[in-house]
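Please walk me through the interior of this protein, from its enclosed spaces to its nonpolar cores and one of its strands.

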Amino acid sequence: MAAPVIEKKRFFCREWAFAKLIHCLEQRPASKTCGALIVGGPGCGKTALCAELAWPSLAEEAKVQRSLNRRLLARHFCQARSEASLSPAQFVRSLVAQILQASADGIHLSSPTSPPASTVSSLPEAKETIAEAYADKLRTDPDIHAALQHDVLDRDPDDAFKKALLFPLLEVEPPPNCLFLLVDSIDEGQFINPPQTGTRDSRRDNENVSRTIAELLANHHHLFPQWLLLVCTARRQSRTISRMFTGFRKISIDDLRKGQVVRDVQQYILARLDEETALRQHISRDTAEMLNQLHIKSNGCFLYLEKVLDGVAENFIVLREVREIPGTLNGLYLWLCQRLFSRKQFAKVQPLLNVILAAKLPITQEILYKCVKTAHTTITIEDFNRRLHLLRRVISVSRAGALMLFHHSFAEWLLDVKHCTQKYLCSATEGHAMLAGYYTLRGQELTPDEICVLGQHLQRSLTNLTGNLCNLDTHTLQTLWMIGSRAAIEECYLDSPECLMWPRQDSKLLRLLIDSGAKPSEKVVEDDEPIKDHISSSQ
């Protein structure tokens, strides 16, 4: 399974925010609360700040970030385009793996993700000590091993979080300096993949079982050891998150009532001008006032500044046009699309956007072409490349070749008719249909993960089928489609480490996969009763 894509950009400013985090760490042993909540609107730089903490810059002025990084026990980035990153079970697995990686045994493992031998001696003492102590407990405590079994962890991430992580960390010798756990976009699962009625598995009819990473941490942060600080980020308007983490120290990074936030915006613009000749050549006595207007219109949103300044540097936007650009991120997106696409052009790129919006796995240019071709059979590779070229200002390409929209807030905008209007409205349902067609054509080659993804796309595309054309109910039609794909579904064991992409809380998907021939467990392959009980209790 491909990992979520975090593309680190050049980092500017935020020295005051790092200073506040250091203060929180120093106060942690005596503090009644165990965490800090970094908040701000879409595009204000929350993920960029977390990426700087996880992979600090090498510049001289980044000493504070590197110092904080040495106190980072583990990190997790929740991403809407990766359902695995929103899974509480995967979250626990990721934290355990990172802590073990920091131990001496983890470092010396022969693995592509291991640091080079030269970095062993530079590991921070506090983090290494905790990792070693935790690794010792993992080697000797059978309860930790039992809690980390795939079927156990998927069924009850709360119990696993406590038994496999929190309780062992409470028992180790406290380090001389406090460490912190970093979780970015903790609200992502709340509005991208909200819990649905009737989607809990057999264990989840209990309201005490966490359905999101936010719930998992909110339910158990009181058990964090006194030497561990929980640092999370969330959108400012996420009231549910604010209630979950009442008492956490709030750090707002886009509140323009604070002088340091205003200075961040000013320094960002000045730093871009200082570093980029292509941008600096547009500055004159007549256009200098436009930079002040841009500062005001951005309202503390770095993404707004970035898109406008990038457009100026690329000669796509003239600085004088700042007067015409609306003063909100949603308004900027509408202005950009009106500038980029005529109605006829947008109709040509819409199918590509639909697929990208619906994709569950990182999607390459080749896969995107094959998906679009399932619905637009006459499209040629030359025509496809021309359409993709039209999207060059709203699509980014990762180092691994994955195509994605430049920011998740733009993906949300394309699906919200209130902001994008009917002219630029896209359909994730049509994207799911094209992806289902692509996976179906590759049926015999599909991995267990991809079989689960096919099921997800079918459920999101084959819905509300009524009328005289089909007498079958939706579930039966989806099941027959899965079987007809000729995928090796009977060899798909849903508790296997190879099968990570299906959300364990989705009982409708569980039923579809099992009715199509998948096995819920490698341990149960002949006795039908456990399977039937599992399905019936999850509905």
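The paragraphs below take up the cavities, then the cores, and then strand β1.

The model is predicted, and the values given here were computed from it. Its enclosed spaces come to 2 cavities of 30 Å³ or more, of which the largest holds about 60 Å³ of space. The lining of this largest cavity is made up of Leu 73, Ala 74, Leu 95, Ile 99, Phe 161, Leu 165, Leu 166, Leu 169, Leu 181, Phe 224 and Leu 228, and by residue class it divides into 11 nonpolar, no polar and no charged. Three elements, β2 (72–77), α4 (88–101) and α9 (157–171), each supply at least two residues of that lining, and it is α9 that gives the most, with 4 residues.

The second largest cavity has a volume of about 40 Å³, and around it stand Cys 78, Leu 86, Ile 186, Gly 189, Thr 212 and Ile 213. Here the lining divides into 4 nonpolar residues, 2 polar and no charged. Because Gly is counted among the polar residues, Gly 189 belongs to the polar part of this lining.

From the cavities we turn to the nonpolar cores. The largest of these has 87 residues, and those with the most contacts inside it are Leu 368, Leu 405, Phe 410, Leu 414 and Leu 494. The surroundings of Leu 405 can be followed residue by residue: when residues up to four places away in sequence are not counted, Leu 405 touches Leu 353, Ile 356, Leu 357, Val 394, Ile 395, Ser 396, Phe 410, Ala 411 and Leu 414. Apart from this core lies another, of 73 residues, which includes Leu 37, Ala 54, Leu 165 and Ala 218. One of these residues, Leu 165, also appears in the lining of the largest cavity.

Another member of the 73-residue core, Leu 37, leads to strand β1, which spans residues 35–40 and has 6 of its 6 residues buried. Gly 35, Leu 37 and Val 39 point one way from β1, whereas Ala 36, Ile 38 and Gly 40 point the other way, and the residues of both sets are buried.

Which strands pair with β1? Strand β4 (residues 228–235) pairs with β1 in the parallel sense over 6 bridges, and strand β5 (residues 249–252), which also runs parallel to β1, is joined to it by 4 bridges. Ile 38 serves as a reference point for both pairings, since this residue stands opposite Thr 233 in β4 and opposite Ile 251 in β5.

Key:
Residues are numbered from 1 along each chain as its sequence is written. This is a predicted model: local features need pLDDT of at least 70, side-chain atom pairs count only at pLDDT 80 or more; totals for chains, interfaces and linings use all residues. Side-chain values use heavy atoms; hydrogens and water are left out. On a 1 Å grid over the protein atoms alone, a cavity is a set of points where a 1.4 Å probe fits but cannot get out, and a pocket is an open set with protein on both sides within 12 Å along at least five of seven lines; lining residues have an atom within 4 Å of a point. Grid points are joined across faces, edges and corners, and a volume is the space filled by probe spheres set on the points. A nonpolar core is a set of buried Ala, Val, Leu, Ile, Met, Phe, Trp, Tyr and Cys residues joined through side-chain atoms within 4.5 Å. Buried means under 20% relative accessible area, exposed over 50%, partly exposed in between (1.4 Å probe, protein chains only). Contact means heavy atoms within 4.5 Å. Two strands pair if DSSP finds at least two bridges between them.
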